[in-house]
Every structure is written in structure tokens, then in C-alpha cells.
Amino acid sequence: DECNMFDAATIMKSAYLYVCVCVCVCVKRTMTMTILASRATTTDTTATDSRANDDEGHSDSTEGHDEDDEIYEGEYQGIPRADSGKAPGMDGVMTAEAQQFRDLSAYEGERRKDQEELAQQYESILQECGHGKFQWTLYFVLGLALMADGVEIFVVGFVLPFAEKDMCLSEPNKGMLGLIVYLGMMVGAFVWGGLADRIGRRQTLLIALSINSVFAFFSSFVQGYISFLFCRLTSGVGIGGSIPIVFSYYSEFLAQEKRGEHLSWLCMFWMLGGIYAAAMAWAIIPHYGWSFQMGSAYQFHSWRVFVLVCAFPAVAAICALTTMPESPRFFLENGKHDEAWMILKQVHDTNMRAKGYPERVFSVSHTGLYWDQRCLMRCHMFTFILLFSDFHVFFQVWSNFQAVFSPEYRRTTYMMMAVWFSMSFSYYGLTVWFPDMIKYLQKQEYSSRTKVFIKEKVEHVTFNFTLENQVHRQGEYFNDKFMNLKMRSMVFEDSLFEECFFEDITSSNTFFKNCTFIATLFYNTDLFKYRLVNCRLINSTFLHNKEGCMLSDVSDENNAYMVYFVSFLGTLAVLPGNIVSALLMDKIGRLRMLAGSSVISCISCFFLSFGNSESAMIALLCLFGGISIASWNSLDVLTVELYPSDKR
């Protein structure tokens, strides 16, 4: 009733769990009845022997065991005495059931107490292990995994302007391509985060990074829009495991006094991922000579090389992660004390050798990590039942997901969800939007330099040079030839073309509106009929039209460099904020840093709506990125510390 189970899968799981518990209860009840019946038989026999002997009444064993036990348990549970009319066997059954319910009600409190004891023991062990070479090695390994996440965020913004031409993307398709990566990351965070608490941080992170790298590799080669969309979705599912696992994994090797600072340093790799993506886009995408094609069916352009290169951080993270151990805290939570002790000893010995103290012995004994056996049974009783009943991966993830909405963590979860949503909406929204905003400002400035020609008459002229950024109205063109040229941002309105010849024309953002074509031939051009808006065609012919897509705008190479350079600057501006937040995290506190940084970044984001020049927009974007990174760092640390390790 408390779970509000309405879907069939949850009902099936609950029924399965209920049957398992019922079987255990029935077995326990049968054993209890057998023992009580045996006791009753012994009591009757003893009473008969004592009456036959005409002595005090009861034997010593009966006086000291059966009757006293029944009186104590009956008084504790409120169960009437045997002489009140109820059979001794029924008293035992009710006592066993009441004891069972009392144990279940006290389970959560005992388990919480045991977790606090383990946390204190584990903190003291980490203090002895120290902070040194091992933690810094793990820092760079997990940094590569986080860097892969940062790269994925920027890939979409750089690829969209060029992928739309190869795949003939409409505006809705472009929007879906931008959305699909984030959708995959959301699903991935849900799945991998839950699995990391079940099968281990390291193993889950390896699987997630492998899925990301494999499908990122495939996405650079597939040609169709649907297949490319699927690959980006699955790649996003893989990369969605980086953030929830990386910070949990690293925090479990850090003592509390070092946790805030070093988790903030780890966030720098997200910035490096953005710099890597911007630098690779700047160096690769404009080089169209890197492209090749096999007929008209298969094309491999430079932006696909960029997508391939962006998968390298994930591959490097996989190779490095195979050399690192699992989290010892995870092993302790699952009762694997030998494995946990060996890893902690490895951490201690590695740090001591690097500091010049190879003779220092790890003083934690092998058995010092063990809890009391009764505590272990209490803490893992419910876990064993769940593992027995969770015969599907979904149930494992779902049980952990429900745990963070329990009364103990519900308020914290809702608050953190609101903060995470707001931060992601603002930062990632601006990241994807800003390249298009730069293009829009460039287009506005480009339009201000447009040349307008009205009522011009041109006869017997051959145009074999580039026509760009012009508007021709009410013109007349007779027996003119347009050959081997590019038309960029050309508009012809209310014009007449008679006996003209168009050959080998490549156009972008070019339209003919309300024009008349008489006896005109179009040969090997991309001037398709959808570029002719409300035009009249009289005795005109289209031969060997070029295959391609109509683009709203095609930026030249200088404009492309501008977009990459701006993104590079915006990511580099994060560096000062990252350093400051790392140094002050443990001094001013997580909450104060989160609140202060959020307020200041909110103000800078507000003024973005008033920016009307490229320089002003770039400055405000850099300011927003440099300030908001402190919020991200404090949010990462705070989220890790607000949940216990088995729900982290």
C-alpha cells in the first residue's frame, strides 16, 4: 500500500516477494509450532511425574525455564497467561509473530545506526591511508571519463550546421538531433546510477563508457538521419553514467577534509572537454579537403571526422580505468571485507611509498573491518531478499530509485531535483543556443551590407563570378548566361528572365520571388522549383538537377572560425571560477557557494537578453560560465554528501 503500485511489472515483483516472505514465515511458524508442541509434551510429562511423587509441584527445570519464560514473554507482549483459557501452543505462535513485527519495525533504526558506525570506521581508515599518489592517479583517470561527458555536450552545437546539409534536415529534425543526446543522458543517468549501487562503481562506469565510445564511433559513419539519431541516443545513454558515478566513485577514496576541494578540481576536466571539442572543431570541420565520397550514396565529410575524434576521451578513460580498483566502500556495503581491506591496503602502501615511507605498516587489522555478526545480518537481511526477488535489472534500478523518495530522503531529493533542473536548463541551454545566436548576429550584420538594384536591364551578358548579398527588384534579363558560379544570399523579385541559360549553379539562401521565366534552360543547377516562389515558367526546362538540400544560410570559413573561437573562449572562462571554487569550497561551505554563485550568474544571464553586439554577448557568456561553474562544483559535492553510499 505504501508503494502505490499500479503497473503490472511492480505488482508482479511485489507478488513474487510476498510469496517468498510467506514461505519463510510458514517455515518459521512450522518450526515454532513443533518446538512449542515438544515443550508442551515435556511440561505435561513433568507435571504428571511431579503429581505422582506428591512433592512441591514442579521440577527444577520446569520451574526455571518453561513457566518463567511464558510469564516474561506474556507480560512483554500483553498476551494472557496459560491459565486464562488459551493453549500454550497458541501463546507461542502469537509471541513469535509479535517478535517478528517488532524486529521489522526496529530494522530501519538499527540499520541506520550500523551505517553510521561503518562511516566512522571508514573515515578513520581513510585518514590513515592519507591523500597522495593513488588519489591523484584516480583523479586523472576519472577526469577522462568526465571529459568525455563535456565533449558530448558541445558536439551537437558544432555538428548541426553541417549535418543539416548532408542529411537534408528540417528545423524539427535539427531540434530532435539536439534533444536526443540529452534524452539519452537522462535515461543513462537513471540506469547506470542505480546499477552502480548494485554491481559496483568501476564495472558500471566501464560498461557505460564502452557503450558511449562504440556508438559514437558508429555515428560518424552512418549516413541516414534515423540511424544517426539512434547512434547519438545510445551514445548519450552511455555517457549519462559519467556524472553520477564519477563523483560517487572518487568521493569514496577521499577523507572528508579533502572531499570538497578535490571533487571541485575534478570538475576541471569537464572544462577541458569543452576546450577539446572547440579546438578539434576549429581544426577539423573547416578543412573540407579531409572529405571523401563513394559515389552519391556514401559521403564522409570533415564533420564526421570531428565526431570520430570526440570519441577518443571515452576510449582513453576505458583503458585507464581497467587499471584501477573498485570502491572499497562499495565492497564493505556488500559484505566483501577481504576485497575492501586489500584495496585500502593498496591505497595506503601506494601513498606511503610515494611520500618516502615504504616501511610504514597499514595498522588496520584484517578483522578490524568486520562488523558484529548480528549487525551484518540485520543490515543485509533486506538486501538479500531484494537480490533474491530482483530477477531483472529493471527491478534492481527501480528499488534504488524508490529509496531516494522514502520519507527520510524525500525532501532532500525534491530540493536537489529542482536545483539540478534549473542549473542544467540554464547552462546547457545557453551552450546549445549560443552558436546559433552568434550566427544570427552575423546574419544581421551581413544583411546591413546588402546591395539593392531596382529596374535594371541586362542583355547578352555572361555572369561567371560569385553573386553575393544582393537584392534585384523589377529587373529585366534577356539572353543572359549564368555559368559556373555561386549565388549566396541572392533575391530576385518581380523580375523577367527571357531566353536565359543557367548552368553549374550552386546556391545558398537564394530565392526568385514573383518572377517570370520564358524559354529558359536550367542545366546542372540546384535551383529547384521550391526556390522559385510564386514564379511563372513558360517553355522553361530543368535538366540534370544537382542533388542536395536547401539551406537557410551557409556561413563562410571566417564565420565558422568565429563560432569555434567564441565557444573556446566561453569554455576557457570557466578556469578562474573553477580554481576559486576549489580553493574556497571547504572554507565557506557548499551551500553558501551554491547560493552566491547562482545569484550572480542569474544576474549575468539576465543581461544577455539586452545584448545586441557580438562583443557584448561574448563577454556576458564568459562571465556567466566563469561564475556558474562554482555552482556546479558545489552542487556535485553537495549531492554526493547528502546520500548514503548505498543510494549515492
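# Close-up views of a predicted model

**View 1. Glu499 sits in the loop that runs between strand S9 (496–498) and strand S10 (501–508).** The model shown in this and the other views is predicted. Glu499 is not a glycine, yet has a positive phi of about 55°. Most residues other than glycine have a negative phi. Glu499 is partly exposed, at a relative accessible area of 41%. Cys500, by contrast, is buried, with 3% relative accessibility.

**View 2. Asp504, in strand S10, has a positive phi.** The phi of Asp504 is about 50°, although Asp504 is not a glycine. With a relative accessible area of 22%, Asp504 counts as partly exposed, because burial requires a value under 20%.

**View 3. Cysteines are shown in a structure that holds zero disulfides.** A disulfide is a covalent bond between the sulfur atoms of two cysteines. Cys500 has a relative accessibility of 3% and is buried. Cys622 is also buried, with a relative accessible area of 18%. The value for Cys622 falls on the buried side because the cut-off is 20%.

**View 4. Helix H9 (residues 242–251) is mostly covered.** Of the 10 residues in H9, eight are buried. The buried residues include the serines Ser242, Ser248 and Ser251. Tyr249 and Tyr250 are buried in H9 as well, as is Phe247. Ile245 and Val246 are also among the buried residues of this helix.

**View 5. Ser604 is a buried residue of helix H21 (residues 590–607).** The relative accessibility of Ser604 is 3%. Apart from neighbours within four places in sequence, Ser604 is in contact with Leu620, Leu623 and Phe624. From C-alpha to C-alpha, Ser604 and Ser628 are 9.8 Å apart in space, and 24 residues separate them in sequence.

**View 6. Val599, Ile600, Ile603, Phe606, Phe607 and Phe610 make a nonpolar surface patch.** The area of this patch is about 620 Å². Ile600, one of the patch residues, belongs to helix H21. At 46% relative accessibility, Ile600 is partly exposed, whereas Ser604 in H21 is buried at 3%. An α-helix has 3.6 residues a turn, so residues three or four places apart point the same way.

**View 7. Two edge-to-face pairs are shown from a structure that holds 43 aromatic pairs.** Tyr139 and Phe140 form an edge-to-face pair, with ring centres 5.1 Å apart and 75° between the planes. Tyr139 is buried, with a relative accessible area of 6%. Phe158 and Phe306 form another edge-to-face pair, at 6.1 Å centre to centre and with 75° between the planes. This second pair links distant parts of the chain, as Phe158 lies in helix H5 (residues 133–167) and Phe306 in helix H12 (residues 302–309), 148 residues apart. Phe158 is buried at 2% relative accessibility, and Phe306 is buried at 0%.

**View 8. One aromatic cluster contains phenylalanines and a tyrosine, Tyr477.** Its members include Phe463, Phe465, Phe482 and Phe492. Phe497 and Phe502 also belong to the cluster. Further members are Phe512, Phe517, Phe522 and Phe542. Strand S9 spans 496–498 and strand S10 spans 501–508, with Glu499 in the loop between them.

Technical notes
Residues are numbered from 1 along each chain as its sequence is written. This is a predicted model: local features need pLDDT of at least 70, side-chain atom pairs count only at pLDDT 80 or more; totals for chains, interfaces and linings use all residues. Side-chain values use heavy atoms; hydrogens and water are left out. A disulfide is a pair of cysteine sulfur atoms within 2.5 Å. Buried means under 20% relative accessible area, exposed over 50%, partly exposed in between (1.4 Å probe, protein chains only). Helices (H or I, at least four residues) and strands (E, at least two) are DSSP runs, numbered from the N terminus. Contact means heavy atoms within 4.5 Å. Patches are made of residues with over 30% relative accessible area and no salt bridge: like charges are joined within 9 Å, nonpolar side chains (Val, Leu, Ile, Met, Phe, Trp, Tyr) within 5 Å. Accessible areas come from the Shrake-Rupley method with a 1.4 Å probe; for residues, only the protein chains shown count as cover. A salt bridge is a side-chain nitrogen of Lys or Arg within 4 Å of a carboxyl oxygen of Asp or Glu. Rings of Phe, Tyr and Trp (its six-membered ring) pair if their centres lie within 6.5 Å; planes under 30 degrees apart count as stacked, over 60 as edge-to-face and the rest as tilted.
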